[in-house]
Amino acid sequence: MTSTLEPRSAAVRPALTPRVQNPITSPATSSADRSTAELVKLAAEQVSTLVRDELKLAQIELTEKGKRAGLGAGMFGGAGLVALYGVGALLAALIIGLAAVMPAWLAALIVGVALFVVAGVLALVGKGQVKKAVPPMPQETVAGVKADIDTITTSVKHGGHK
């Protein structure tokens, strides 16, 4: 007996495309050729496959979002480190400025401000990466499950006929 599941891949399947077909109106065999037991067995197989596929898709989606969150957090850490160097440079500028009130402190001040600018850019880029990873819920998987439920519900409501 052949399965009536449509072939699917997490990268190829649109989120709202249902992955199950109505076992009664499926083109594989007519409803007169199938017993109730066969239809129940087919439905159980399809549900099992569907659940496994949705779990795989959720895992892929959450892994991708986790990587983005990690990258964003790393950039936030980098921004903090660069800001710390900026504070050190500004402190050096203050010390040099008080000690010699001449151009040496101005150079240190310029370096400190430049480090803060770099820290600001890193913080903004990191914030963008973290924002792309939120919400952590696998939205494509949820949309796919909703489409599958709608297909099954419609099939049941119409008694298996379109």
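In which helix is the place of Phe116? Select Phe116 in this predicted model and the answer is helix H2, which covers residues 103–132. Before following that residue further, it is useful to view the whole chain.

**The whole chain**

Colour by secondary structure: three helices and zero strands appear, and from the N terminus on the order of elements is α-α-α. Of the 162 residues in the chain, 23% are buried. Display the accessible surface next; its area is about 10500 Å², and carbon and sulfur atoms account for 73% of that. If contacts are drawn for pairs with a separation of 6 or more, 76% of them join residues 24 or more positions apart.

**Confidence**

Now colour by pLDDT. The average over the chain is 77, and 75% of the residues score at least 70. Among the elements, H1 has the highest mean pLDDT, 87, whereas helix H3 (residues 139–157) has the lowest, 81. Select residues 1–12 as well: pLDDT stays under 50 there, and the model has 23 contacts beyond four places in sequence for this segment.

**The nonpolar patch**

Return to Phe116 and add Val87, Leu91 and Leu94 to the selection. These four residues make a nonpolar surface patch of about 340 Å². Helix H1, spanning residues 36–100, gives the most to the patch, namely three residues; Phe116 itself lies in helix H2. Phe116 counts as partly exposed because its relative accessibility is 34%, a value between the 20% and 50% limits of that class.

**A buried lysine**

Move next to Lys65, also to be found in helix H1. Is Lys65 buried or exposed? Lys65 is buried, yet it has no salt bridge. Select Glu61 to see the nearest side chain of opposite charge, which is 4.4 Å away; a salt bridge would require the nitrogen to be within 4 Å of a carboxyl oxygen.

Which residues does Lys65 touch, leaving aside those up to four places away in sequence? Show Ala133, Pro135, Pro136, Met137 and Gln139 to display these contacts.

**Across to the loop**

One of these contact residues, Pro135, is the final stop. Pro135 is placed in the loop between H2 and H3. Draw a distance between the C-alpha atoms of Pro135 and Lys65: the separation is 8.6 Å, although the two residues are 70 residues apart along the chain. With a relative accessibility of 34%, Pro135 counts as partly exposed, whereas Lys65 is buried.

Methods: Residues numbered from 1 in each chain as written. Predicted model: local features only at pLDDT ≥ 70, side-chain atom pairs only at ≥ 80, totals over all residues. Heavy atoms only, no water. Patch = residues over 30% accessible without salt bridge, like charges linked within 9 Å, V, L, I, M, F, W, Y side chains within 5 Å. Areas by Shrake-Rupley, 256 points an atom, 1.4 Å probe, with all protein chains shown as cover. Helix = DSSP H or I, 4+ residues; strand = E, 2+ residues; numbered from the N terminus. Buried < 20%, exposed > 50% of the residue type's maximum accessible area, 1.4 Å probe, protein only. Lys, Arg positive; Asp, Glu negative; His and termini not counted. Contact = heavy atoms within 4.5 Å. pLDDT = per-residue confidence, 0-100.
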